[in-house]
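Reader: I would like a close look at one part of this structure: the enclosed space inside the protein and whatever sits in it. Please take me through it step by step.

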Amino acid sequence: MNLRHDWTHDEVAAIYNKPVLELIYEAASVHRQYNDPTEVQVSTLLSIKTGGCPENCSYCPQSAHHNTSVGAEKMLELEEVMTKASIAKQNGSTRFCMGAAWRNVKDNKQFDKVLNMVKGVNSLGMEVCCTLGMLSKEQAIKLRDAGLHAYNHNLDTSEGHYSEIITTRTYQDRLDTLDHVRKTGLNVCSGGIIGLGESNDDRITMLYTLSNLPKHPESVPVNALVAVEGTPLEDQERVSVWDMVRMIATARIMMPQSQIRLSAGRQEMPITEQALCFMAGASSIFAGEKLLTTPNPDVNQDKMMFELLGLHPMAAFKGKKQEMAATEF
Ligand code: SAM
Ligand code: DTB
Ligand code: SF4
């Protein structure tokens with residue numbers, strides 16, 4: 001089916017601003033045309049290198065610029081990562097995403113260690129994802145050859161709002177890394193955060209940018225800000241479920257074959273709110289009691305929610321088939 005890469009800003013705004021129940025209905029219909037709405041891709045996150053990050057992202061508890069309870073830690077050892085990945089697999093996750101609080105990847109021993117972790121987790125039959133900051137094409141190739149399935153690198157907000165949130169890098173830096181990842185043949189995971197003080201127009205512009213990339217990101221995380229004490233955004237109000245629903249539904253309509261991931265913020269959301277997000281086209285979650293550094297619902301809570309809502313976890317590498325179809329743009 002036809003995937004569009006020529007959405008106009010006005011079209012996106014018209015979708016985002018529809019009466020919310022109409023928007024949910026439309027997104028739910030599109031979701032059913034392209035995907036099995038009872039399947040949810042379950043991914044587990046692990047912070048393999050926590051804290052002390054030189055970047056000044058104002059939402060992030062791991063930035064060395066902010067005084068939070070998250071300190072700089074040493075990189076995890078391979079053994080610990082393998083144990084965590086096996087547990088995640090036993091608990092129904094088919095994707096394992098390793099995060100490092102780095103500005104960018106450097107060609108050093110630490111990167112060699114990450115490459116070994118990628119090999120190890122890949123050997124468990126899980127989809128391996130990494131989020132390590134900026135990346136060159138050569139580094140992306142090394143990750144791909146080690147068995148990486150996807151690379152996460154979020155645009156986070158609109159280009160216009162970016163400098164209000166981060167000043168240690170530019171939006172173009174972000175787009176360049178996404179280009180390196182895409183050209184290497186890796187799957188792209190890229191989305192954003194709402195609740196940073198951005199306007200609706202910033203949200204619309206971010207979705208416009210994501211959907212007009214040469215190929216839609218295979219996964220699009222929609223994070224609600226987790227306001228962490230000690231960060232400049234500590235006093236931001238919790239985002240309303242209707243804002244999450246509008247983001248998810250608009251992303252679903254514009255990028256119908258992508259996994260739209262209901263990401264950070266679930267800890268504060270009752271099942272009724274999460275159900276609205278699934279209805280609006282969310283098709284993936286992060287599972288496990290911790291995201292990178294902040295709490296998330298535990299696996300038993302999610303098992304209960306899946307039972308209640310009639311959802312079930314998606315098999316690994318199912319997205320692969322969808323990607324083949326998605327190349328016909
Ligand atoms: N350092 C790498 C980078 O920034 O690309 C990778 C790790 S970074 C923590 C990954 C993503 O986590 C960020 O792009 C951001 O979208 C999300 N994130 C970080 N702190 C968050 C928070 N407090 N609330 C919601 N999302 C957050
Ligand atoms: C994404 O978009 N959200 C995840 C993952 N990609 C790496 C990270 C959320 C982090 C929330 C704050 C924390 O736990 O430190
Ligand atoms: Fe560093 Fe990533 Fe956090 Fe920004 S979001 S401070 S780059 S860990």
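Author: What follows describes the largest cavity, then the ligands in it, then the open pockets.

The model is a predicted one. Rolling a probe the size of a water molecule over the atoms shows where empty space is left. In this protein the count comes to three cavities of 30 Å³ or more. The largest cavity has a volume of about 810 Å³. Its lining is made of 37 residues, and those nearest its centre are Tyr 59, Cys 60, Gln 62, Asn 154 and Leu 292. Two elements, strand 2 (95-100) and strand 7 (219-224), give two or more residues each to this lining. Sorted by class, the lining of the largest cavity holds 21 nonpolar, eleven polar and five charged residues.

Now to the contents. Ligand 1 sits in the largest cavity. The largest cavity is also the space taken by ligand 2, and the space taken by ligand 3.

Start with ligand 1. It has 19 residues around it, and the closest are Tyr 59, Asn 154, Asp 156, Arg 174 and Val 226. In this shell, eleven residues are nonpolar, six are polar and two are charged. Polar contacts can be listed one by one. The side chain of Asp 156 has an N or O atom 2.6 Å from an oxygen atom of ligand 1. For the side chain of Asn 154, an N or O atom is 2.9 Å from an oxygen atom of ligand 1. Trp 102 takes part through its backbone, where an N or O atom lies 3.2 Å from a nitrogen atom of ligand 1. On its own, ligand 1 has 550 Å² of accessible area, and the protein covers 90% of it.

Next is ligand 2. The residues around ligand 2 include Leu 45, Pro 61, Thr 131, Asn 152, Pro 221, Phe 286 and Leu 292. Asn 154, which is among the closest residues to ligand 1, is also one of the residues around ligand 2. This shell divides into six nonpolar and six polar residues, with no charged ones. Three side chains can be named for their contacts with ligand 2. A polar side-chain atom of Thr 293 lies 2.6 Å from an oxygen atom of the ligand. For Asn 154, the distance from a polar side-chain atom to an oxygen atom of ligand 2 is 2.8 Å. Asn 223 likewise places a polar side-chain atom 2.8 Å from an oxygen atom of ligand 2. The protein covers 88% of the 410 Å² of accessible area that ligand 2 has on its own.

Ligand 3 is surrounded by residues that include Cys 53, Cys 57, Cys 60, Tyr 59 and Trp 102. Tyr 59 is also among the closest residues to ligand 1. By class, the shell of ligand 3 has six nonpolar residues, one polar and two charged.

The open pockets remain. The largest pocket has a volume of about 580 Å³. It is lined by 30 residues, of which Leu 45, Leu 46, Lys 84, Glu 289 and Lys 290 are closest to its centre. Strand 1 gives the most to this lining, with seven residues. Leu 45 is also one of the residues around ligand 2. The second largest pocket holds about 270 Å³ of space. Nearest its centre are Leu 225, Val 226, Arg 238, Gly 265 and Glu 268, out of 19 lining residues. Val 226 appears as well among the closest residues to ligand 1.

Conventions
Residues numbered from 1 in each chain as written. Chains lettered and ligands numbered in written order. Predicted model: local features only at pLDDT ≥ 70, side-chain atom pairs only at ≥ 80, totals over all residues. Heavy atoms only, no water. Near = heavy atom within 4 Å. Polar contact = N/O pair within 3.5 Å; in protein donor to acceptor, adjacent residues only side chain to side chain. Areas by Shrake-Rupley, 256 points an atom, 1.4 Å probe, with all protein chains shown as cover. 1 Å grid on protein atoms, 1.4 Å probe; cavity = no way out; pocket = protein on both sides within 12 Å on 5 of 7 lines; lining within 4 Å. Sits in = over half its atoms within 2 Å of the grid points. Nonpolar A, V, L, I, M, F, W, Y, C, P; charged D, E, K, R; others polar. Points joined across faces, edges and corners; volume = space filled by probe spheres on them. Helix = DSSP H or I, 4+ residues; strand = E, 2+ residues; numbered from the N terminus.
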